[in-house]
Amino acid sequence: MDDREIIEKFFLRDESAISDAKAKYGRYCYSVALSVTGSHEDAEECENDTLLRAWRAIPPARPDRLGAYLATICRNIALDRYSERRGERQNLNTERTLDELSECYPDTETDIIDEMHTRELINSFMSSLKEEERIIFLQRYWYMQEIKAIAEDCGCSVGKVKTVLRRTRIKMKKFFEMKGVII
Amino acid sequence: MKREKMARIIGLVDEKFVEEAAPRRKRRGRKPLALALVAAVLTLAILGGALFLFVPYSDKSPIIDIDKYRDSEYYPLIEAMYNITIQNAFTLNLPMNNFDRIFAQVKNTMAPTDDLLYGVEEDTAGSNDTPGYVETTDNQVEGVIEGDRIKRSTTHIFYLGVETIYIYEILGEQTSLVSSLKLTASEGKMILDDGLEFYLSEDCSRLTVVAPMWDVNSKRSKCSVDIISIDVSNPAEPKEAQRVSISGQYVSSRLVDGCVMVVTNFVVYGEPDFSVESEFIPQITTDDEERSIAMEDIFLPEADAQNATYTVIVMLDESDLSIDDELALFSYSKELYVSQDKIFASMGYVDVIETDIDVDSSTKKTTRKVVNKTEIAVISYDNSGFETLGSISIDGTVLNQYSMDEHDNILRVVSTTNETYSEKEIFSGGGESSIVTGRKKNTSLYCVELDNFSVIASVEGFAPEGEEVTSVRFNGDICYVCTADTKFYRDPVYFFDLSDVNNITYTDTGDIEGYSSSLVDMGEGLLLGIGYVDSLDSLKLELYVEEGEAVRGIASMEKFSVAYSDNYKAYFIDREHDLIGLAIYDYKKQNSFYNLYGFDGSGFVELCSVDIEGTELDICRGTIIDGVLYVLFEDKLYTQMIFGE
């Protein structure tokens, strides 16, 4: 089913929109949540919560890319779930990924900015990257993929993936430092 | 916290970038309007087909009628695969409608992770007594040679850079390049650098290259391995002699008594067409002829098969790449341990115990206990081929090949054990809720008698609750185990005395700062840990010694804002002189260096630091010949005198 048709169903409050969205993007969302939480049970719950949240958000939201929209919701839910349960168990890959990300945090701070401006900045940074760099970076830090999986998906070596990630983390840190912002 | 904040910030990226980076999508460049128009026309033309594609399947109706394959020799396999791909579609991300069936593929999550190090012996006979050959790779088992990117004879160094073999004549600081040979891929394929390695024959006349390949055009399994024999009898004119291809992603290889054993992991993608053998049976290609592995050479597990994957093991004669034997282990993982005469292959699975309870007239409750287990298949091998001997199951999951070791006909295994408890309530009104009520994670060691495949001794739960195994090293009757607490980058190292399996004792270091990803036995009761201090961009070298009831760190060296390879083969270890060499990238100096450290009895000393150019630290190699340090990195050679004559 076309994304527009599914979104129209959301707008018409036709509950089959949820099952249509689940059929088309359920697995996608599940895999996003699984990469973060490392738990099948949690991933399943995140998938279900995503659809419920989408039901509440659409309308008024009218996403251009339904799959990515749902995956973004799911990722946020999964991160929340992971934070809540981190005391009980950890996903080693997620821990490593988050530790790597902390290195991007700028050391210099001047202005406090809101989410809208943060969104502009991060997308400006993403646009400045080469496509391959951006894909590798987001597969690691958005999709929380293992480095070897990224290497296979992109058809390059593990060493190259690691190098690209390191350099892009440094670039990102410098980018935010140059902008002089607190995030 | 910073890391969570950054994770949220990354979540603000535009959906177009999220979509672009989605894993398992074919990478395309942007095309102009003409293609968009063509796409629009095609979309209209197949609208009816789109409806056909997205109608979900009924849960009850099978997708394939496999009865028509009953006469096939592969029917037991087809049946096992059908049960996995159809009945367990949720776990394997398999299709629920025609769209998924045609375009989905099962993600291959298995990739090589050789990550432990024994060290590098220098100028020893190793397993080769023929004059000329010098073993440079320290192998887990004596006599079982492992592939690497550097091999040498008494006169030449052979180095595998980025898809190119370089041959140097050894002349100290005047060493020069004799020749080079760029490796080629078959049409439609590209060479993958990760895993690329080779062997040198005993008479130093042949290189056997193991080259992982990626088929850019394949819609299903993209991975294969080419084994390439290169004639280097005249080092000035190396040339390719033979080539064999095996389907699957490269896992590992060994050279034993003139036989090269190559291991791949072949994944069955999506819903295979069982009338096309190459879609569900591993293939071997020789002299441009492709054939399937016979059913009699395929081993199915005792426990229910969990994945539609194979661990493929092919034994080739190193001299001409003729195939001596082949074996495919269905549903087994990449974690293989190879001893002098046996192969141990592991398969992770879960044991589920469910108990139903009637809470009241309208509510049922199910308690569920899920235990991770591993089945280990044992296969003997010699020059005549393979023979399967049997299998054993233990609790937990096995990290890698170094978690298993055979000694005096006893298999020792270290695993991370995992139990998950949950409850599900089903209400008569149709609703249900499920919650996880508890989890347990710990580490265990098991000893298995190989005559009757029984566990004869074990130490269970020896680490603090919640920890997992991060590295293991066996050395005769001693076993070293690192476990991890990733929250605080702290981990203990455990020493096990396995000399009496009826009375296994162990000591631990207590909490040690840092996190060892590699353990090296330096001999004389010393153990070297190579790992991290407080982040992944740090390096820590630490030397431990066993003293009575305790294990004590006696020297350490830390560096910050650096990166280094966690590929154990990239480390140079000289036990005789207590030397450690490895390549690092210094973020502050924005440059790469090859550093050689020594231990002077009280601490680590940096003996030299060679400025090197390049980014692929995994492929940098160092070795010392007659007091001269040779560093080989991509297409360059660096030499430096370390010890005078």
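**Entry 1: B:Asp67 and its partner**

I began with B:Asp67 in this predicted model, and I noted it as partly exposed because its relative accessibility is 43%, which lies between the limits of 20% for buried and 50% for exposed. I then looked for a charged partner and found that the side chain of B:Asp67 meets that of B:Arg70 in a salt bridge, with 3.0 Å from N to O.

**Entry 2: a second salt bridge in chain B**

Next I looked up B:Lys373, whose salt bridge with B:Asp395 has its closest N and O atoms 2.8 Å apart. This pair links distant parts of the chain, since B:Lys373 belongs to strand S21 (residues 363–382) of chain B and B:Asp395 to strand S22 of chain B, with their positions 22 residues apart in the numbering. Is B:Lys373 buried or exposed? I wrote down buried, because its relative accessible area is 16%, under the limit of 20%. B:Asp395, in contrast, I entered as partly exposed, with a relative accessible area of 25%.

While I was at strand S22 (residues 385–395) of chain B, I also checked B:Ser393, which has its place there. B:Ser393 is partly exposed, at a relative accessible area of 31%. I compared its position with that of B:Val448, and the two are 55 residues apart in sequence but 9.8 Å apart in space, taken from C-alpha to C-alpha.

**Entry 3: salt bridges in chain A**

A search of the whole structure gave me 31 salt bridges over all chains. One that I followed up joins the side chains of A:Arg81 and A:Glu45, at 2.5 Å from N to O. The two residues are 36 apart in the chain, A:Arg81 being in helix H4 (residues 66–85) of chain A and A:Glu45 in helix H3 (residues 40–57) of chain A. I checked the accessibility of A:Arg81 and A:Glu45 as well, and both are buried.

I stayed in chain A to look at helix H7 (residues 131–141), where nine of the eleven residues are buried, so the helix is largely enclosed by the rest of the structure. Among the buried residues of H7(A) I listed A:Glu133, A:Arg134, A:Ile136, A:Phe137 and A:Tyr141.

**Entry 4: a six-stranded sheet in chain B**

I then traced an open sheet of six strands in chain B, which has the order S2-S12-S13-S17-S18-S16 and mixed pairing. Which strands stand at its edges? They are strand S2 (145–146) and strand S16 (298–299) of chain B, and because each has a single partner strand, one side of each is left without a neighbour in the sheet. I reminded myself that strands of a sheet pair through backbone hydrogen bonds, in either a parallel or an antiparallel sense.

Both senses turned up when I looked at the partners of S18(B). Strand S17 (residues 309–317) of chain B runs antiparallel to strand S18 (residues 323–330) of chain B, and seven bridges join them. Within that pairing I found B:Ile313 with B:Leu327 as its bridge partner, and B:Tyr310 opposite B:Phe330. S16(B), on the other hand, pairs with S18(B) in the parallel sense over two bridges, and here B:Ile298 stands opposite B:Ala328.

S17(B) and S18(B) also form a hairpin with five residues between them, and B:Leu321 in the turn has a positive phi of about 60°. I noted that S18(B) is mostly covered, as six of its eight residues are buried.

**Entry 5: positive phi values**

Most residues other than glycine have a negative phi, so I wrote down two further exceptions in chain B. B:Asp626 has a phi near 50°, and I located it in the loop between strand S42 (621–625) and strand S43 (628–633) of chain B. B:Glu634 has a phi near 55° and lies in the loop between S43 and strand S44 (636–641) of chain B. Their accessibility sets them apart: B:Asp626 counts as exposed because its relative accessibility is 56%, whereas B:Glu634 is buried, with a relative accessible area of 17%.

**Entry 6: a charged patch**

Last, I looked up a negative surface patch, which is formed by B:Asp408, B:Asp477, B:Asp497 and B:Asp500. I examined B:Asp408 further and found its place in the loop between strand S23 (404–407) and strand S24 (410–427) of chain B. B:Asp408 counts as exposed because its relative accessibility is 65%, which is over the limit of 50%.

Definitions and conventions:
Residues are numbered from 1 along each chain as its sequence is written. Chains are lettered from A and ligands numbered from 1 in the order in which they are written. This is a predicted model: local features need pLDDT of at least 70, side-chain atom pairs count only at pLDDT 80 or more; totals for chains, interfaces and linings use all residues. Side-chain values use heavy atoms; hydrogens and water are left out. Patches are made of residues with over 30% relative accessible area and no salt bridge: like charges are joined within 9 Å, nonpolar side chains (Val, Leu, Ile, Met, Phe, Trp, Tyr) within 5 Å. Accessible areas come from the Shrake-Rupley method with a 1.4 Å probe; for residues, only the protein chains shown count as cover. A salt bridge is a side-chain nitrogen of Lys or Arg within 4 Å of a carboxyl oxygen of Asp or Glu. Lys and Arg count as positive and Asp and Glu as negative; His and the chain ends are not counted. The place of a charge is taken as NZ of Lys, CZ of Arg, CG of Asp or CD of Glu. Helices (H or I, at least four residues) and strands (E, at least two) are DSSP runs, numbered from the N terminus. Buried means under 20% relative accessible area, exposed over 50%, partly exposed in between (1.4 Å probe, protein chains only). Two strands pair if DSSP finds at least two bridges between them.
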